[in-house]
Amino acid sequence: MPDPADNQPLVIDAQGLGRRFGDLVAVRDVSFQVRRSAIFGLLGPNGSGKSTIIRMLLGILPASEGTAAVLGRDVGLEAEQIKRRVGYMSQAFSLYADLTVRENIEFYGRVYGLTPERIRERLTELLELTGIGDRVDQLAGTLSGGWKQRLALACALVHEPELLFLDEPTAGIDPVARRQLWDLLYELSAQGVTLFVTTHYMDEAERCTSVGYIYLSRLLVLGKPDELKQLPEVTPDDARRYELRAEHPARLMSRLREQEGVRDATIFGEAIHLLVDQDRGPEELLEPLGVDPSKVEVREIAPSLEDVFVTLTQRADNDSLPDQLTEAPSPAEEESLEPTPPPPTPTNGEGVSKRVASPLHGLWAVLVKEFAHIRRQPSTIFFMLVVPVMQTIIFGYAINTQIENIPLVVHDLDGRAASRELVARMVNTRRFRLVRKVTGDDEFYQALRAGVAQAGLIIPPDYSDRLIRGEQAAVQVLIDGSDSQIATTARSTAQLLGLDMSINLARGRGEALGVAPSRDPTGQGALPIDVRTRLLYNPDLESAYFFVPGLVGIILQLVTLFLTSFAVVRERELGTLEQLFVTPVSRAGLLLGKLTPYAVVGLFETLLVLVVMIYVFGVPIRGDAVLLVALAMLFMVTSLGLGLLVSTIARTQVEAVQFAFVVMLPSVLLSGFVFPRSEMPLPIYGLSFLIPVTYFIEILRGVILRGAGLLDLIPSVTGLVLCCVVVLSVSIGRFRKQIE
Ligand SMILES: Nc1ncnc2c1ncn2[C@@H]1O[C@H](COP(=O)(O)OP(=O)(O)OP(=O)(O)O)[C@@H](O)[C@H]1O
């Protein structure tokens with residue numbers, strides 16, 4: 001009689017599905033169909049490919065071969081549309097342990113776009129359905145295994161899916177909880193929900209309307225449980241199946257296996273299932289073994305599903321991998337309910353080293369294990385090799401504490417040979433590098449405020465005239481005092497140069513030609529050239545002025561980078577990210593939702609650090625504080641992007657720390673935070689332009705110390721905007737709603 005269920009529409013249609021992970025074939029040419037309201041059970045031993053099939057059907061893992069349609073849509077092309085209509089309960093507990101039962105359900109309700117009212121209704125319905133109402137305010141992490149599964153089921157059902165995937169829903173829970181969960185599944189099936197369940201338990205397979213058995217990545221058999229039991233290859237016409245109950249079944253089974261006519265003997269609980277030639281009765285088999293038939297309960301039986309799978313597995317082994325698997329236990333044996341007797345304990349200490357434990361006992365074992373960990377974790381090797389090389393290069397090559405090339409702006413109002421010589425002498429000291437010649441005061445001060453120059457030379461219009469007249473000529477050297485190290489060098493170099501030129505002049509002209517020595521305005525004898533230095537912005541040369549603003553940038557980057565990369569990687573490790581991937585939450589929604597809280601935290605952190613800077617270190621903000629906070633936000637977004645980038649590379653939290661450290665190292669050492677960038681060799685100096693915090697430190701020092709405005713900061717702001725765009729595009733581009 002045709003089964004009405006066969007007329008139901010197709011819900012899953014998989015054709016030739018395959019998936020490879022490198023050389024490993026996890027799923028090979030799997031085809032099957034599931035119709036509406038069915039409870040489809042996918043069985044198979046560990047690692048046979050069940051979870052991989054579910055992930056492909058959910059669209060979170062691309063198939064290497066074949067196609068699949070779920071609810072009439074192609075999983076490869078229309079995964080997002082499918083996600084609204086399916087639910088998924090993953091193998092591991094993947095809910096938020098630090099949220100309560102209610103909060104978890106509400107969260108998933110929101111993710112699926114339910115209105116607050118509908119969420120309230122669904123919460124009540126789901127609490128009732130799963131019976132978890134008493135624990136609604138308990139933290140999910142503190143629930144016992146069975147209750148966790150019910151909560152996971154409630155979350156998977158919040159949006160009333162038409163199709164529900166359950167990956168080993170009853171693994172690790174007690175028999176009563178298992179039964180209760182299955183009662184729930186029946187109820188759902190009666191309501192028209194299609195269920196796709198993977199399991200290891202044969203009794204659960206018996207409860208399914210149709211089952212597939214997957215072994216070594218291939219689907220061995222597919223059908224309704226009753227049909228499968230009638231497969232001719234399971235019980236051939238010339239054979240019979242019997243169940244035998246006797247004392248010591250395990251011992252009896254191995255003896256029976258050696259009997260002629262016995263095709264198969266397997267333990268099922270306390271009984272033995274025998275497949276024997278039709279012309280051999282069980283009594284005939286027991287007699288030669290000296291077993292009293294009256295002490296053995298015998299009955300003819302139909303094959304169970306387990307018999308079906310055991311038989312088919314053995315056939316598959318014989319057909320395809322005769323040598324490879326002859327010694328491996330079959331899956332049915334592994335899953336047999338008969339407890340395997342423990343290996344005999346050596347009573348006289350046989351096999352155990354009798355040597356007295358040395359103080360270094362176990363060292364070798366631990367060493368071997370640790371090397372294996374290191375070898376298997378490529379990020380550790382990268383970290384161990386790349387970081388020291390980076391450090392060595394930076395410390396040995398890039399960091400030069402000798403100060404040279406201080407950028408100099410010159411405002412030469414005289415413009416004649418003597419003034420040009422002064423400029424040339426300054427540059428020849430190699431301490432200064434002429435970056436700009438200006439013609440107006442505004443331009444001169446702007447160059448210093450914008451940080452283009454750290455020293456400025458003003459030569460008065462009468463410089464040459466005074467020298468010719470033998471009067472003292474004064475020039476002014478203005479020095480940016482923010483970096484006390486640079487400022488001190490600039491000041492002493494300028495003063496020494498003035499002295500040196502004066503002596504030469506005095507010697508060369510005054511003494512030799514008998515010209516009277518230079519005089520100062522009061523008519524007193526004086527040095528011919530008076531170099532007057534003045535420190536701007538930080539006249540007392542407080543080192544806090546230099547370091548603290550830079551520290552604000554470094555701290556902001558450190559905290560946001562670590563928090564963000566951890567936030568994403570932790571979810572990946574816990575499995576909650578996979579759970580989120582199967583929901584219709586958009587990539588932008590997921591990312592913004594994850595990053596915004598950290599942006600808010602970062603904003604408060606910025607304000608806090610600035611307050612500490614002003615009131616604890618006494619470094620006031622000379623410029624516009626609003627501009628500063630706005631640019632700090634821009635930097636923070638970049639930093640969050642960097643965190644996200646790290647999280648797309650790192651698989652574990654340990655890796656996240658390592659990668660974040662790799663990002664932080666150049667940020668601290670090459671950004672100009674401690675060591676002046678102008679002193680770095682050209683390639684490293686060029687590299688420092690790729691580091692976002694370089695621009696932010698320039699901005700911080702500009703606004704805080706020199707009162708720079710937006711126009712002064714255009715180069716740094718442009719650099720930061722570019723970094724932000726690049727970092728965000730790369731990290732968002734790399735972040736996929738898929739398991740890689
Ligand atoms: N992301 C991955 N990278 C590499 N190999 C993987 C990945 N995911 C799964 N595999 C491998 O693919 C094979 C099938 O794994 P899968 O998790 O689908 O098996 P399973 O039948 O669900 O097993 P279990 O019952 O233990 O969950 C296994 O050998 C597994 O190690």
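The following legends describe close-up views of a predicted model.

**View 1. Overall composition of the protein.** The secondary structure of this predicted model comprises 27 helices and 19 strands. Of the 740 residues in the protein, 39% are buried. Among contacts with a separation of 6 or more, 74% are made by residues 24 or more positions apart.

**View 2. Residues surrounding the ligand.** The shell around the ligand consists of Phe21, Leu24, Ala26, Gly44, Asn46, Gly47, Ser48, Gly49, Lys50, Ser51, Thr52 and Gln91. Two elements, strand S2 (24–35) and helix H1 (50–58), each give two or more residues to this shell. Helix H1 provides the largest share, with 3 residues. By residue class, the shell around the ligand holds 3 nonpolar, 8 polar and 1 charged residues.

**View 3. Length and bend of helix H22.** Helix H22 covers residues 587–615, and its 29 residues should span 42 Å at 1.5 Å a residue. The C-alpha atoms at the ends of H22 are 42 Å apart, in agreement with that expectation. Within H22, a bend of about 25° occurs at Leu595. A proline, Pro597, follows Leu595 within four residues.

**View 4. Buried residues of helix H22 and their cover.** The buried residues of H22 are Lys594, Leu595, Tyr598, Gly602, Thr606, Leu610 and Met613. Leu595, at which H22 bends by about 25°, is thus shown here as one of the buried residues of the helix. The cover over the buried residues of H22 includes helix H20 (543–574) and helix H23 (625–649).

**View 5. Strand S17 and its enclosure.** Strand S17 comprises residues 455–459, and 4 of its 5 residues are buried. The strand is therefore largely enclosed by the rest of the structure.

**View 6. Pairing of strand S17 with strands S15 and S18.** Strand S15 (residues 406–412) and S17 run parallel and are joined by 5 bridges. In this pairing, Val410 stands opposite Leu457 in S17. S17 also pairs with strand S18 (residues 473–480), in the antiparallel sense, over 4 bridges. Here, the bridge partner of Ala455 is Ile479 in S18. S17 thus has a parallel pairing with S15 and an antiparallel pairing with S18.

Methods: Residues are numbered from 1 along each chain as its sequence is written. This is a predicted model: local features need pLDDT of at least 70, side-chain atom pairs count only at pLDDT 80 or more; totals for chains, interfaces and linings use all residues. A residue is near a molecule or strand if its C-beta atom, placed from the backbone, lies within 6 Å of it. Ala, Val, Leu, Ile, Met, Phe, Trp, Tyr, Cys and Pro count as nonpolar, Asp, Glu, Lys and Arg as charged, and the others, Gly among them, as polar. The expected span of a helix is 1.5 Å times one less than its number of residues. The bend at a residue is the angle between axes fitted to the seven residues ending there and the seven starting there. A residue is buried if 20 or more other C-beta atoms lie within 10 Å of its own, exposed if 12 or fewer, and partly exposed in between; C-beta atoms are placed from the backbone. Two residues are in contact if their C-beta atoms, placed from the backbone, lie within 7 Å. Two strands pair if DSSP finds at least two bridges between them.
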